[in-house]
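Me: Please take a close look at the strand pairing in this model, and give me one connected account rather than a list. I would like to understand how the pieces are joined, and then what lies around them.

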Amino acid sequence: MSSRSPSQKHSTAAAPQRRLAVEAWPKLVAAVYSAHLTYGTGTPMTLSRRDVLTASALLLAGPAAAARLAARESGGAKPLVLCWNENPYGPSPAARRVVSELIPSGCRYPSDQAIAALVAAIAAHESIGADHIITGTGSGELLRALGLLYGRDGGEIVAAQPSYTELTSYAGHRGARLKFVPLDLSMRHDLPAMRSAVSPATRAVYLCNPNNPTGTALTAAEIRAFVAGLPSGVLTIVDEAYMDFTTAPGVGSVADLVKSGSGVVVLRTFSKIHGMAGLRCGYAIASPEVIKAVDAAVMTTPNIFAVHAARASLGDGAFRAECRRRIVGSRTRITTVLSELKLRYAEPQGNFVFFDTGMPLPRFTELMRARDILVGRHFPPFDSWCRITVGTEPEVAAFLAALRAVLPTARQSSA
Ligand code: PLP
């Protein structure tokens, strides 16, 4: 699939699986519980590489048990939810504190002052004026508003495929003309092809960077050159929901393009690195004119908990750094195992990994479901590829144990 698929660089044979003696189980339980993230609910703990390896080796003893234990570790939730790209470590301690203190105020709307204070905090964080910021009930609401504004009455929108569909689906329902451009062989946005797809009727181009579901990313320089080559009047909408997890050289935010008046909107969310998906808050950075238009199109405002928690979370940089460290570490652990198993994957830059299961996705999904693990949905045309969210360390260990367990079964049954 991908000429640059990183898995092709690795030829390491799969590590032999070891069945552990029954006496190992108490150790397994201890290892899983010692891996429990207490950040926010107790003393922050750091998990050494050795801890992780020990836990995962022990978890190899039995995937079903591993999944059960990981589920217990994540608050008793079962099945393991590795399908929505959530950050399981959130919300931050500061955000949790604010939400619990605010429970009696659940009978109130957020005050204008509280919303203004959040917008001011975001503006300071992004080093831009407050008139360039609008918050939404998740960035999804803002994507929809942009889809409505630029897609209505047959407006043409160019987007990659597969990519995140919130904007394009909503725009499609409002009568937009959608032009989808397939990803390139590395599963990245094909910018030259997207540029060719732009016509005099094009009102907006949507770039999801890093891209959901593939996790691949464009460099900031590539986006800058693309934007510079567009006809004036075409808005570039850059969705940076996963930007905080990127590690590839040259990949970074292009929010500064908003300041230079280049016809760019950047979207960020509190759902990913801030671990607040359930609280619903996101924001857009755009020119004051676009902000006003989006403001007129949004359907609601963030709730009181989201407004205060988002502001508190912005002030908790240590939490974000810790989330990034752990999620990037676990992401590498997943790709290392995929390479061992000789499974191809797209270069991951978000908190998820898109990989080729080597079997029809419905079959893989069913095998994982039988082990109480929920994985990402089908993203055509990648019929055998699966998107898996990077969960906590024990969740990742449980997933990898299940993956190792199902592969021989699937390979035999499809032989
Ligand atoms: N953008 C991308 C690329 C996403 O994957 C998601 C959610 O998964 C969103 C935006 C929307 O996030 P939210 O509405 O929770 O801010």
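Reply: Two strands are counted as paired here if DSSP finds at least two bridges between them. What follows describes a predicted model, and in it the protein has 15 helices and eleven strands.

Seven of the strands form an open sheet, in which the pairing is mixed and the order is β2-β8-β7-β6-β5-β3-β4. At its edges are β2, residues 133-136, and β4, residues 177-182, each of which pairs on one side only. On average, neighbouring strands of this sheet are turned by 20° against each other, if direction is ignored. In general, the strands of a sheet pair through backbone hydrogen bonds, and they may do so in either the parallel or the antiparallel sense.

A good place to begin the close look is β5, residues 202-208, which is mostly covered, since seven of its seven residues are buried. In the sheet order β5 stands between β6 and β3, and its pairing can be followed on both sides. Toward β3, which covers residues 156-161, four bridges join the two strands, and they run parallel; here I157 stands opposite A204 in β5. Toward β6, the pairing is again in the parallel sense, this time over five bridges, and Y206 has I237 in β6 as its bridge partner. The chain passes from β5 through α9 to β6, and this β-α-β crossover is right-handed.

From β6, residues 235-239, the pairing continues to β7, residues 264-269, in the parallel sense and over four bridges. Within that pair, D239 stands opposite L267 in β7.

What surrounds the ligand can be placed beside this picture. The shell around the ligand holds 13 residues, and the closest are G138, G140, A241, T269 and S271. By kind, the shell divides into four nonpolar residues, eight polar and one charged. One of the closest residues, T269, is the last residue of β7, which runs over 264-269.

A further pairing to follow is that of β9, residues 352-356, with β11: five bridges join them, and they run antiparallel. In β11, I388 is the bridge partner of V353. The strand β11, residues 385-389, is mostly covered, with five of its five residues buried. Its residues point to two sides, W385, R387 and T389 one way and C386 and I388 the other way, yet the residues on both sides are buried.

The loops that join strands to helices hold some backbone features that deserve a careful look. After β3, in the loop that leads to α7 (166-173), lies P162, and a cis peptide bond, with omega about 0°, joins Q161 to P162. After β5, in the loop that leads to α9 (220-228), lies P210, and here a cis peptide bond, again with omega about 0°, joins N209 to P210.

Two residues other than glycine have a positive phi. For N85 the value is about 60°, and this residue is in the loop between β1 (80-81) and α4 (93-102). N85 counts as buried because 23 other C-beta atoms lie within 10 Å, where 20 or more are required. For S127 phi is near 50°, and this residue is in the loop between α5 (112-125) and β2. S127, by contrast, counts as exposed because 9 other C-beta atoms lie within 10 Å, and 12 or fewer place a residue in that class.

Contacts between distant parts of the sequence complete the account. Among contacts between residues at least 6 apart in sequence, 76% join residues at least 24 apart. T301, in the loop between α11 (288-297) and α12 (304-314), offers an example: T301 and I115 are 186 residues apart in sequence, while their C-alpha atoms are 9.0 Å apart in space. If its neighbours within four places in sequence are left aside, T301 is in contact with P110 and I115. With 17 other C-beta atoms within 10 Å, T301 is partly exposed. For the protein as a whole, buried residues make up 47% of the 415 residues.

Methods: Residues numbered from 1 in each chain as written. Predicted model: local features only at pLDDT ≥ 70, side-chain atom pairs only at ≥ 80, totals over all residues. Near = placed C-beta within 6 Å. Nonpolar A, V, L, I, M, F, W, Y, C, P; charged D, E, K, R; others polar. Axes fitted to C-alpha atoms, helices over the stretch in contact; angles between N-to-C directions. Right-handed = clockwise from strand over helix to strand, strands pointing away. Contact = placed C-beta atoms within 7 Å.
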